[in-house]
Amino acid sequence: MSSTDVTADVSTATTAGNDAGDASVFIPAPATPYQGDIARYWDHEARPVNLRLGDVDGLYHHHYGIGDVDTAALGDPKDDAYEKRLVAELHRLESAQASLLLDHLGDITRDDALVDAGCGRGGTMVMAHQRFGCRVEGVTLSAKQAEFGNQRALELGIEDHVQSRVCNMLDMPFETGQTAASWNNESSMYVDLHDLMAEHARILGVGGRYVTVTGCWNPRYGQPSKWVSQINAHFECNIHSRREYLRAMADNRLVPQAVVDLTPATLPYWELRATSSLVTGIEEAFINSYKDGSFQYVLIAADRV
Ligand SMILES: C[S@@+](CC[C@H](N)C(=O)[O-])C[C@H]1O[C@@H](n2cnc3c(N)ncnc32)[C@H](O)[C@@H]1O
Ligand SMILES: CC(C)=CCC/C(C)=C/COP(=O)(O)OP(=O)(O)O
Ligand SMILES: [Mg+2]
């Protein structure tokens, strides 16, 4: 499918779908005016940096990358095909990020159910199903994203196992204690962290695993820096501090097993992206805040006890 195929418009309680009707989703009314704004934001998002990277192999991400740049694969910047290789390299680093998140989910079997809270266009969900063979449920505020993810699952023939729906991650339609692992991949900066961790703790079984990959402001810096404020304004989000994550987990029976500072690992992605034609203007804020220590890119994996 091309990245422009999904065309439904949204935002009041209704259903919407593509022409085939197969990927249609129920659209509940937003829980708050803010969530309505965020639904509209993602319904209308079509940045080439996301669509062109997804077109590389059909995994559409809305998160950033980690790992060293493969300069040999990039080759000579003067070659005609350099930009195509650069897009593929940025995409490889974004998929490496999702892969690292999945590494931290623990032992998952085919019979388990996983939950992706704030699933975007579903790239991480597809990777999770391909790795574990199990059911993966995703929630997003955006009907367009849910339809896009469901359409991709249909095309891949995995629609029985990978399903996106329009739903508030603070009130998920999953039974208490039945989820083996759940995650937020760059989606926790849109909600209150105590409410979010309480909901993950509710759906996870005891012994289940919660993982987040997120950008957070560094309490050692003092307060959110001007770069962090710029990122918040750019995405209409509310970046939390590292301390808030750990406190919200501790208060909700989620005990961290790993806290990994991915800041050095994400800088090569940003520095490469800043040289591309796909820049969006936010690159400087990420690079400067990671370098001045006011902002960190972290993975936290926690056990539900
Ligand atoms: C930056 S995107 C990340 C998407 C995806 N996790 C990925 O890695 O590609 C943020 C996502 O969070 C979702 N989101 C924000 N607030 C939400 C909420 N209250 N409930 C459900 N999803 C939410 C948005 O709809 C969007 O899909
Ligand atoms: C780490 C932080 C603070 C993330 C904020 C959430 C966010 C918008 C992630 C990337 O989305 P995207 O892939 O749509 O963004 P872009 O268009 O910049 O690639
Ligand atoms: Mg992106």
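**Figure 1. Thr 140 is bridged to Val 166 in β5.** The model shown is predicted; local features are given only at pLDDT of at least 70 and side-chain atom pairs only at pLDDT 80 or more, while totals for chains, interfaces and linings use all residues. Residues are numbered from 1 along each chain as its sequence is written, and chains are lettered from A and ligands numbered from 1 in the order in which they are written. Helices (H or I, at least four residues) and strands (E, at least two) are DSSP runs counted from the N terminus. β4 and β5 run parallel and are joined by five bridges; two strands are taken to pair if DSSP finds at least two bridges between them. Strand β5, residues 162–166, has four buried residues out of five. Here a residue is buried if 20 or more other C-beta atoms, placed from the backbone, lie within 10 Å of its own, exposed if 12 or fewer do, and partly exposed in between. With helix α6 (residues 143–156), strands β4 and β5 form a right-handed β-α-β unit. Right-handed means that, with the strands pointing away from the viewer, the path from the first strand over the helix to the second runs clockwise.

**Figure 2. Strand β7 is enclosed and pairs with β6 in the parallel sense.** Strand β7 is largely enclosed by the rest of the structure because eleven of its 14 residues are buried. Strand β6 covers residues 179–185 and shares six bridges with β7. In this pairing Trp 183 faces Val 211 of β7. From β6 the chain passes through helix α7 (residues 193–203) to reach β7, in a right-handed β-α-β crossover.

**Figure 3. Strand β9 is paired with β7 and with β8.** Of the ten residues of β9 (295–304), eight are buried. β7, residues 204–217, meets β9 in the antiparallel sense through nine bridges. Two of the residues bridged to β9 are Thr 214, whose partner is Val 298, and Gly 215, whose partner is Tyr 297. Strand β8 (residues 254–261) also runs antiparallel to β9, with seven bridges. Here Val 259 is set opposite Ile 300. In a regular strand, side chains alternate between the two faces of the sheet.

**Figure 4. Val 211 belongs to the largest nonpolar core.** This core has 70 residues, and Val 166, Met 197, Val 211 and Leu 299 touch the most other members. A nonpolar core is a set of buried Ala, Val, Leu, Ile, Met, Phe, Trp, Tyr and Cys residues joined through C-beta atoms within 7 Å. Apart from neighbours within four places in sequence, Val 211 contacts Leu 101, His 104, Leu 105, Trp 183, Leu 299 and Ala 301. A contact requires the C-beta atoms, placed from the backbone, to lie within 7 Å.

**Figure 5. Ligand 1 is surrounded by 24 residues.** Gly 118, Gly 120, Asn 185, Ser 187 and Tyr 190 are the closest. Two or more shell residues come from each of α1 (33–43), α5 (123–132) and β4 (135–140). α1 supplies the largest share, three residues. A residue counts as near a ligand if its C-beta atom, placed from the backbone, lies within 6 Å of it. The shell has nine nonpolar, 14 polar and one charged residue. Ala, Val, Leu, Ile, Met, Phe, Trp, Tyr, Cys and Pro are classed as nonpolar, Asp, Glu, Lys and Arg as charged, and the others, Gly among them, as polar.

**Figure 6. Ligand 2 has 14 residues around it.** Arg 47, His 62, Glu 186, Gly 215 and Phe 235 come nearest. Elements α2 (48–54) and α8 (226–235) each give two or more residues to this shell. By class, seven of the shell residues are nonpolar, five polar and two charged.

**Figure 7. Arg 220 is a loop residue between β7 and α8.** Arg 220 has 11 other C-beta atoms within 10 Å and is therefore exposed. Its C-alpha lies 7.7 Å from that of Ser 294, although the two residues are 74 apart in sequence.

**Figure 8. Glu 236 and Arg 253 are non-glycine residues with positive phi.** Most residues other than glycine have a negative phi. For Glu 236, in the loop between α8 and α9 (242–250), phi is about 60°. Glu 236 is partly exposed because 13 other C-beta atoms lie within 10 Å. Arg 253, in the loop between α9 and β8, has a phi of about 60°. With 18 other C-beta atoms within 10 Å, Arg 253 is partly exposed.

Conventions
Two residues are in contact if their C-beta atoms, placed from the backbone, lie within 7 Å.
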